[in-house]
Amino acid sequence: MSNAKHTPGPWEIGPDFDNDGTREVPIGHRLTSGFVLTVAVALGGLKEQQENARLIAAAPELLEALRDTLDALECWTGSDVRIGKARAAILKATGGAQ
């Protein structure tokens, strides 16, 4: 993902914390300096927060895997509806950039 415009992965889930009565789960990227750059915060019920945090933290790897898988599939199958859905998901995740 060398041309990525988002915060690079891997992203990690931090410990949940209380923000004025709302439990939040931070998702961040550890920089080489050791500082963790927060990229997102999962909200909702505590169990739901943990599930959301895992999904969000996996986003960079999911995007890369989807791109790689599509490249391989198109060699075998050509274009079909499922590949179109996957390409649409990539466009949504990247703001229009493949």
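This is a short tour of a predicted model, stop by stop.

**Stop 1: the largest core**

Select Trp11, Val25, Ile27, Ala42, Ala53 and Ala57. These six residues make up the largest nonpolar core. Now colour β3 (22-30) and α1 (46-57). Each of these two elements supplies at least two residues of the core.

Stay with Val25 and show what surrounds it. Which residues does Val25 touch, leaving out those up to four places away in sequence? The list is Ile13, Gly14, Asp16, Ala40, Val41, Ala42, Gln49, Gln50 and Ala53. Two of these names, Ala42 and Ala53, also belong to the core.

**Stop 2: a second core**

Next, select Leu63, Leu70, Ile83 and Ile90. They are among the five residues of a second, separate core.

**Stop 3: a nonpolar patch on the surface**

Switch to a surface view and select Phe17, Val41 and Leu43. Together they make a nonpolar surface patch of about 230 Å². Pick out Val41, which sits in strand β4 (residues 36-42). Is Val41 buried, partly exposed or exposed? Its relative accessibility is 36%, so Val41 counts as partly exposed. Val41 is also one of the residues that Val25 touches.

**Stop 4: salt bridges**

Go back to sticks. The whole structure holds five salt bridges. Here are some of them.

Select Glu12 and Arg30. They form a salt bridge, with the closest N and O atoms 2.7 Å apart. This pair links distant parts of the chain: Glu12 is in strand β1 (residues 12-13), Arg30 is in strand β3, and their positions lie 18 residues apart in the count. Glu12 is partly exposed, because its relative accessibility is 30%. Arg30 is partly exposed too, at 44%.

Move to helix α1 and select Lys47 and Glu51. Their side chains meet in a salt bridge, at 3.7 Å from N to O. Why are they about one helical turn apart? Because the two residues are four places apart in helix α1. Lys47 is exposed, with 63% relative accessibility. Glu51 is partly exposed, with 39%. Add Arg54 to the selection. Lys47, Glu51 and Arg54 are linked in a network of salt bridges.

Now select Arg87 and Asp71. They form a salt bridge as well, and the closest N and O atoms are 3.7 Å apart. Arg87 is in helix α3 (residues 81-94) and Asp71 is in helix α2 (residues 59-77), so the pair ties together parts that are 16 residues apart in sequence. Check how open each partner is. Arg87 counts as buried, at 19% relative accessibility. Asp71 counts as partly exposed, at 45%.

**Stop 5: Thr94**

Stay on helix α3 and select Thr94. Thr94 is partly exposed, with a relative accessible area of 24%. Where does its side chain reach? The side chain of Thr94 comes to 2.8 Å from the backbone oxygen of Ile90. Ile90 was part of the second core.

Show the contacts of Thr94 next. Setting aside neighbours within four places in sequence, they are Leu63 and Arg67. Leu63 also appeared in the second core. Then draw a line from Thr94 to Lys5. The two are 89 residues apart in sequence, yet 8.1 Å apart in space, C-alpha to C-alpha.

**Stop 6: a cis peptide bond**

Select Gly9 and Pro10. A cis peptide bond joins them, and omega is about 0 degrees. Pro10 belongs to the segment before β1.

**Stop 7: the loop after β2**

Select Asp20, in the loop between β2 (17-19) and β3. Look at its backbone. Asp20 is not a glycine, but its phi is positive, at about 55 degrees. Asp20 counts as exposed, at 78% relative accessibility.

Add Asp18, which lies in strand β2. Asp18 is partly exposed, at 46% relative accessibility. Which backbone atoms lie by its side chain? A polar atom of the Asp18 side chain is 3.5 Å from the backbone nitrogen of Asp20. The Asp18 side chain also reaches the backbone nitrogen of Gly21, at 2.6 Å.

For a last view, zoom out and select Asp18 with Leu73. They are 55 residues apart in sequence and 45 Å apart in space, C-alpha to C-alpha.

Note on methods. Residues are numbered from 1 along each chain as its sequence is written. This is a predicted model: local features need pLDDT of at least 70, side-chain atom pairs count only at pLDDT 80 or more; totals for chains, interfaces and linings use all residues. Side-chain values use heavy atoms; hydrogens and water are left out. A nonpolar core is a set of buried Ala, Val, Leu, Ile, Met, Phe, Trp, Tyr and Cys residues joined through side-chain atoms within 4.5 Å. Buried means under 20% relative accessible area, exposed over 50%, partly exposed in between (1.4 Å probe, protein chains only). Contact means heavy atoms within 4.5 Å. Patches are made of residues with over 30% relative accessible area and no salt bridge: like charges are joined within 9 Å, nonpolar side chains (Val, Leu, Ile, Met, Phe, Trp, Tyr) within 5 Å. Accessible areas come from the Shrake-Rupley method with a 1.4 Å probe; for residues, only the protein chains shown count as cover. A salt bridge is a side-chain nitrogen of Lys or Arg within 4 Å of a carboxyl oxygen of Asp or Glu. A polar contact is a pair of N or O atoms within 3.5 Å; within protein, one must be able to donate a hydrogen and the other to accept it, and residues adjacent in sequence count only if both atoms are side-chain atoms.
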